[in-house]
Amino acid sequence: MNDIVTPFRQGLPSVRKIWLNLCLCLGLIAGFVLSLIGLTGAVLVFNGPILRMEVGHNFFDLDSSPAFHAAVDEWITNAHRAYSDLNAIEFVSGPGYGFAGGTTLIAEAAGNKHLVVSINPDNGLPLGNFIWEDTYSTSILKFHARLATFLSSTKWGRHTVAWIAAALIILMAAGLYPWWPPNRNWRSAFMPERGARGLRRLLDFHNLAAVCLFVPLLILVFTGVYLSYPGWIDPAVSLVSVARTPDPDALARTSGLGSCESRTTPGQAVALAQARFPSAKFVSLAIPKSQPYVVQLAPPNNVGDKGQTRVFVDRECPIVLTAIDGEIGVAAETFKALMHPLHRYLMLGHVGQAIAFLASLLLPLSFVTCLLLWLDKRKNRRRIFDNRVEL
C-alpha cells in the first residue's frame with residue numbers, strides 16, 4: 001500500500017509551490033486589471049476632446065463670450081420648441097460646466113438613458129442633442145469606473161477595484177525602498193546602466209519612469225480609491241473636519257401646493273441664487289420632481305469642478321429656503337472638491353493632463369515589463385533544469 005501512496009504523494013505539488021502559484025495568479029489578475037484601469041484612464045484624460053470629435057465640434061461652438069447671468073428659462077423653452085418629443089429637463093449645466101465644457105440640458109430618455117441638449121448661451125438656441133450613454137467616451141468612462149460591465153451593478157466589483165488600487169499604493173511605497181540609493185548617488189540612480197541591452201535596459205527605463213512619475217501616479221491612485229469607495233477615507237477626514245449639510249428645518253418649510261399664483265421657474269431659482277451670491281458663477285441646476293431646486297454656484301475662491309456654494313429654492317414660491325456658502329472654507333468640503341480635478345489633470349491644466357496621461361500609461365507598461373521579465377526568468381530556469389537533466 002505504501003509503495004502506491006508514496007509515489008502519489010511525491011507527485012503532488014508542495015504547499016509552498018501551491019501558495020506561490022496562487023500568488024502568481026492573483027498578481028497577474030490584479031496587474032491586468034490595473035493595466036486596463038491605467039489604459040482607459042489615459043484615454044479619459046482627453047475625454048472632452050474625444051466627445052467633441054464624436055458628436056461634432058459644432059455642438060459646442062459659441063459666437064462670443066457667454067453672458068454672466070444664465071437665461072435658463074429661455075434655454076429650456078427653446079429646447080422644447082426645437083425638439084417636440086423632449087421630456088422634462090432634469091439638470092442644467094452652466095457655461096463651461098457642461099459636457100465637453102459646453103452649456104447643456106439633460107432630460108430623461110427611453111431605456112433609462114439621458115438626452116443631452118447642447119445650448120449656445122449667447123442666443124439661447126440649441127446646437128444639437130445626443131444620448132449620453134450611446135457615446136464611446138461614456139462607455140470608456142463606465143468601464144474605467146466600474147471595471148467591467150458584469151461588475152457594474154454589484155458592490156463587489158467596486159470593492160475589488162478599490163482593494164487592488166489600495167494594494168498598489170502599498171506596493172508603490174515598498175518598491176521605492178529598494179530603489180533608493182544608499183550612498184545618495186542620485187545621478188547613478190536616475191541614469192540607466194551603460195551598455196545594458198535587451199530586458200536589462202527595459203528594466204532600467206521601467207524603474208526610471210516609475211520613479212519620475214511616482215508622485216503623480218500616487219495622487220491618481222489615491223484619488224481613484226476615494227472616488228471608488230469614499231467610505232474608507234471619509235471617517236478619517238471627519239476626525240479633522242465635517243462637511244456641512246443643508247438645514248433640515250429650513251428644507252421642511254416648503255410652501256404648499258398653490259401657495260403662490262405661479263410656481264417658481266428654473267430661471268427664477270437661478271436668479272434668486274445669483275442675487276444671494278452676486279459674485280458667484282452659475283454652475284448647475286438640479287430640477288427634481290418634488291424636492292426643492294438645488295442651484296450650485298462657483299464662488300471666486302472655488303476649487304474643483306463643481307460649485308461649492310449650494311442654494312435650495314422652494315418649488316412653489318420664489319424664496320430661498322437655505323444655502324451653504326462656498327466662500328466659507330471647510331476642510332472636509334475642500335478635500336472632497338479637490339478629488340475630481342486632481343484625478344483628472346492634477347490641477348495643473350494642460351501640463352497636468354500630459355503628466356496624468358503618462359502616469360496612467362505607466363500601469364499597463366509596467367505590467368507588460370514585469371510579465372516579460374517573469375517569462376524570461378522562467379525560461380532561464382527551464383534551461384538550467386534541462387541542462388541538469390542531461391547531465
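Is Asn112 buried or exposed? Asn112 is exposed, with a relative accessible area of 66%. The legends below describe this residue and other parts of a predicted model.

**Figure 1. Overview of the chain in the predicted model.** The chain has 391 residues, and 36% of them are buried. It holds 14 helices and 8 strands. Its accessible surface comes to about 23,300 Å², and carbon and sulfur atoms account for 62% of that area. Among contacts between residues at least 6 apart in sequence, 61% join residues at least 24 apart.

**Figure 2. The hairpin of S2 and S3, with Asn112 in its loop.** Strands S2 (103-109) and S3 (113-120) pair in the antiparallel sense over 7 bridges. Within this pairing, Leu105 has Val117 of S3 as its bridge partner, and Ala109 stands opposite Lys113 in S3. The hairpin has 3 residues between the strands, and Gly111 takes a positive phi near 75 degrees there. Asn112 lies in the same loop between S2 and S3. Asn112 also has a positive phi, of about 60 degrees, although it is not a glycine. With a relative accessible area of 66%, Asn112 counts as exposed, because the cut-off for that class is over 50%.

**Figure 3. Strands S1 to S4 and their pairings.** S1 (89-93) pairs with S2 in the antiparallel sense over 4 bridges. In that pairing, Ala107 of S2 is the bridge partner of Ile89. On from S2, strand S3 is joined by 6 bridges to strand S4 (residues 125-131), and S3 and S4 run antiparallel. Asn120 stands opposite Leu125 in S4. The hairpin of S3 and S4 has 4 residues between the strands, and here Gly124 takes a positive phi near 75 degrees. In S2, 6 of the 7 residues are buried, so S2 is largely enclosed by the rest of the structure. Likewise, S3 is largely enclosed by the rest of the structure, because 6 of its 8 residues are buried.

**Figure 4. The largest nonpolar core, with Val92 among its members.** In soluble globular proteins, nonpolar side chains tend to be buried together. The largest core here has 28 residues, of which Val72, Val92, Leu105, Phe282 and Leu285 touch the most other members. Elements that give two or more residues to this core include helix H4 (72-82), helix H12 (266-276) and strands S1, S2 and S3. Strand S5 (281-286), strand S6 (293-298) and strand S7 (309-313) also give two or more residues each. The largest share, 4 residues, comes from H4. A second, separate core of 19 residues includes Ala165, Phe214, Leu217 and Val225.

**Figure 5. Contacts of Val92.** Leaving aside its neighbours within four places in sequence, Val92 is in contact with residues including Val72, Trp75 and Ile76. Thr104 and Leu105 are also among the contacts of Val92. Further contacts of Val92 include Phe282, Val283, Ser284, Leu285 and Ile287.

**Figure 6. Thr264 and its surroundings.** Thr264 is found in the loop between helix H11 (248-252) and H12. Thr264 is buried, with a relative accessible area of 4%. Not counting residues up to four places away in sequence, Thr264 touches Ala269, Tyr293, Val313 and Asp314, as well as Arg315, Glu316, Cys317 and Pro318. Two of these residues form a further arrangement: the charged end of Arg315 sits over the ring of Tyr293, 4.5 Å from its centre.

**Figure 7. The aromatic pair of Tyr229 and Trp232.** A pair of aromatic rings is described by the distance of the centres and the angle of the planes. The count of aromatic pairs comes to 6. In one of them, the rings of Tyr229 and Trp232 have their centres 5.2 Å apart and their planes at 75 degrees, so the pair is edge-to-face. Tyr229 is partly exposed, at 27% relative accessibility. Trp232 is partly exposed as well, with a relative accessible area of 30%.

**Figure 8. Leu346 in the loop between helices H13 and H14.** Helix H13 spans 331-345 and helix H14 spans 349-390, and Leu346 is found in the loop between them. Leu346 has a positive phi of about 60 degrees although it is not a glycine. With a relative accessible area of 9%, Leu346 is buried, whereas Asn112 is exposed.

Methods. Residues numbered from 1 in each chain as written. Predicted model: local features only at pLDDT ≥ 70, side-chain atom pairs only at ≥ 80, totals over all residues. Heavy atoms only, no water. Phe/Tyr/Trp six-rings, centres within 6.5 Å; stacked < 30°, edge-to-face > 60°. Buried < 20%, exposed > 50% of the residue type's maximum accessible area, 1.4 Å probe, protein only. Lys NZ or Arg CZ within 6 Å of the ring centre and 35° of its normal. Core = buried A, V, L, I, M, F, W, Y, C linked by side-chain atoms within 4.5 Å. Contact = heavy atoms within 4.5 Å. Areas by Shrake-Rupley, 256 points an atom, 1.4 Å probe, with all protein chains shown as cover. Pairing = 2+ DSSP bridges.
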